[in-house]
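Trainee: May we go through this structure together? I should like to start with a backbone detail.

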Amino acid sequence: MTCISLFLLFIIIDGVSCEVCSYQDVLDYLNLTADNSVFKLTRPVLDHTHTTVVKTDIILYAILSVVEKTQTFVPFVWTSVQWKDERISWDPAQFCGITEISVPKDMLWKPDLFIYEMIQKDDSPPNPYMLVAYDGTVFYDEDMRVISTCKMDVHKFPFDTQECSMSIGSAIHCVKEIRISPFSNSSRATQFSREIMKTQGEWEFLKMSVQNSNLSLYDRRWELLTYTITIKRRPLLHVINFLLPILFFLILDLASFFIADHRGEKLGFKVTVLLAISVLLLILNDILPSMSNKTPLIATYCIVIFALMLLSLLETILVTYLMEKDTEDELGPWDSGENKNNKTKNWSMDNKKENGCSCACRVCDSEKQCELLAVDEEVNSRNDSRDTNVLQLILDELQKLQNTMHQHLGPRKEKMKSVFWAKKINRFFFIFYVITVLLFLSFIFMEWYS
């Protein structure tokens, strides 16, 4: 009889326990339904003097984009928020050991947390549920694509390190109502982010720091939880696509000093290199922000190299002008020599004409005298032509001697000509150019890596 009673009691207890082992029974016990707005209208405290402690955590999952032009930082983060609802509690022993249930997020009150630096609403699908524990602790996790503003220092671009912050705070609840504290400290947040990081792009994640701060406004004080993400740019792409080409153009401009100055190829070559630098400056203008506290070193790098190439172009124009001027001066004596030869020939022809006329006039006096005079004039004309030819030969020999002396004595007189100064200017500017380039490159690279 006793055994039968114990058996029936076991069946009754087992049946009762099966009736309450469902999540719906817990919701019915709590009176937590979609029509009941008691749990979502006000802050979940039994006494208004109680402070709701909200614990939150942010884990960096991916760095999607960093735009220097608009100074925006776009990460993908996992957010975890925890708080306690004093109106919710049950005994897990009465419900087959159920310690937590999931409910739609619209059924319970949620802290009005937002990111102060966020400039665009998140369009990723939200998590529709939240988890409620038996002691009233509520857990809510969500994935967010945060488009936030970030004040960037591009002074050392592309060898720069940026710090972007995300400040989490309540919109209307002050410190007396809501206190915000982090789940993890800075080292744990950095470690978790490195473990789950999926993509970083051209940026390298360094660390994440967490700190609390207060914001005071209109005699009210709000508590903020600030996550500062430190990232470093991988400069290889910009070095290959931008810095090295400009350096190569600079080397080409230096090599152009070995091109002959009296030809036009050197001038055209320098103009082509200068135009190539101008195209790279246009590309740089699309990358860097319009306003910056300091002038970016890469802008200084490009402008100084552009200015040096411009000075080199002006120096080439000056040297070319001096060389052409010297060439014109050398052509002058040749032109005058030819004029003298022409004048000598014209003078001999005029003498022949005058001698012919005098002969014709003397015939009229007497025939015999004219015959004698004609013979004398013929002899004289032959002597004159012979003297003229001798003079012409002497002039030609003198001209050849002048050319020979000019070739041998030209270097001695070079100091008095413009070509000497052109060579001096070219040599001096080349030394100045090389020294300036070396000093400037040393300075700019020390600033980049300091």
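**Backbone and a buried aspartate**

Mentor: Tyr-218 sits in the loop between strand 11 (203-217) and strand 12 (220-233); strands are DSSP runs of E with at least two residues, helices runs of H or I with at least four, numbered from the N terminus. This is a predicted model, where local features need pLDDT of at least 70, side-chain atom pairs count only at pLDDT 80 or more, and totals for chains, interfaces and linings use all residues. Residues are numbered from 1 along each chain as its sequence is written, and side-chain values use heavy atoms, with hydrogens and water left out.

Trainee: What is the phi of Tyr-218 near?

Mentor: Phi is near 55 degrees, a positive value in a residue other than glycine. Tyr-218 is exposed, with a relative accessible area of 71% (exposed is over 50%, buried under 20%, partly exposed in between, with a 1.4 Å probe and protein chains only).

Trainee: Where is Asn-31 placed?

Mentor: Asn-31 lies in the loop between helix 2 (23-30) and helix 3 (38-41). Its phi is positive, about 60 degrees, although Asn-31 is not a glycine.

Trainee: Changing topic, which residue does Pro-158 share a cis peptide bond with?

Mentor: That bond joins Phe-157 and Pro-158, with omega about 5 degrees. Pro-158 is in the loop between strand 8 (147-149) and strand 9 (161-170).

Trainee: And Asp-57, where is that found?

Mentor: Asp-57 belongs to strand 1 (residues 52-67). Its side chain makes a polar contact with the side chain of Ser-184 at 3.0 Å (N or O atoms within 3.5 Å; within protein, one must be able to donate a hydrogen and the other to accept it, and residues adjacent in sequence count only if both atoms are side-chain atoms).
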